[in-house]
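User: Hi! I have a structure open and would like some help reading it. Could you walk me through it?
Analyst: Happy to. Let's put it on the screen.

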Amino acid sequence: MNIGTLVSYLDSETHPEYQEKYDNAGFLVGDPQTECTGALVALDLTDDVVDEAIDHNANLIVTHHPLIFGGVKRITPADATGRLIIKLIRNNIALYAAHTNLDNLQHGVNGILSFHLGLTDCHILHPIDDKNLPHVGAGMIGSLPYPIPTNAFLEQVKLSLGLPLLRTSDIVSPVVSRVAICGGSGNFLINDAIDQKADIYLTGDLKYHDFQHAEGRITLVDIGHFESEQFTKELIYSIISKKFSNFACFISQRGRSFVNYI
């Protein structure tokens, strides 16, 4: 099987056409005609992840976050992006990214996060403006099997995501039943979560004044960007394995958050 065959399949499953306009998802580096010796799935591309692919003899890396995001005017060792592109090409490793398109699918990033948080009856929090695509859009909202005390739910979240701490606004309701989420940076969906009567909204990258925006109407919780998307690796792995069950596919063990908790 060549790399292009796997790329075509990933396109059919992750739908790059649903990515945001600012994004750069899809096939980013490599020759699609090269025989594929294996794939490594990671959240971000780093030197450690490339070395891991080399160790596994995998010549395709599939990440969630694109390495090439804005315009690249030069490829030199002077910056991290250039160094990584050079390293990929020197080692004949291709790169594919499934980013906001995977965020925007109901069975995507927020779907697998909902599963790990135990949510049921889930639907898209902010669907795209197309009545024919109700399962495409940003965020997710669902219900817990039964209402539980807010503090107990937050402890469950910390345990499920492996977090030592959470950043929250004031606790509005003592009990949680309806939960809104958005993997990654989700401050743009705060009003949607409020409008849909969520008791609590979990996302990453909330700024100081985002918490002020809660205004006693909802409990906002910053669960970390990496932590909210960490299960994306197993999602992409499952997509590949579903079609190519005997193919050498690995989940990266060397990728980690760029944020440390002390």
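Analyst: Keep in mind that this is a predicted model. Five strands make up an open sheet here, ordered S1-S4-S3-S2-S11, and their pairing is mixed.

User: Which strands stand at the edges?
Analyst: Those are S1 (26-29) and S11 (249-251). Each has a single partner strand, so one side of each has no neighbour in the sheet.

User: And how much are neighbouring strands turned against each other?
Analyst: On average by 25°, with direction ignored.

User: Back to S1, in what sense does S1 pair with S4?
Analyst: S1 and S4 (residues 94-97) pair in the antiparallel sense, over three bridges. If you click on Gly-26, you'll find Ala-97 of S4 opposite.

User: Cool. What does helix H2 touch?
Analyst: H2 (residues 47-55) packs on the sheet and touches S2 (39-42), S3 (60-63) and S11. The direction of H2 makes about 155° with that of S2. Helix H10 (residues 232-243) lies across S2, S3 and S11 too, and runs at about 170° to S11.

User: New topic: where is Gly-70?
Analyst: Gly-70 sits in the loop between S3 and helix H3 (80-90).

User: Is Gly-70 buried or exposed?
Analyst: In between: the relative accessibility of Gly-70 is 49%, so Gly-70 counts as partly exposed. Being exposed would take over 50%.

User: Last one: how many aromatic pairs are there?
Analyst: The structure holds three. There is also one aromatic cluster formed by Tyr-9, Phe-244 and Phe-247.

Technical notes: Residues numbered from 1 in each chain as written. Predicted model: local features only at pLDDT ≥ 70, side-chain atom pairs only at ≥ 80, totals over all residues. Heavy atoms only, no water. Phe/Tyr/Trp six-rings, centres within 6.5 Å; stacked < 30°, edge-to-face > 60°. Pairing = 2+ DSSP bridges. Helix = DSSP H or I, 4+ residues; strand = E, 2+ residues; numbered from the N terminus. Axes fitted to C-alpha atoms, helices over the stretch in contact; angles between N-to-C directions. Contact = heavy atoms within 4.5 Å. Buried < 20%, exposed > 50% of the residue type's maximum accessible area, 1.4 Å probe, protein only.
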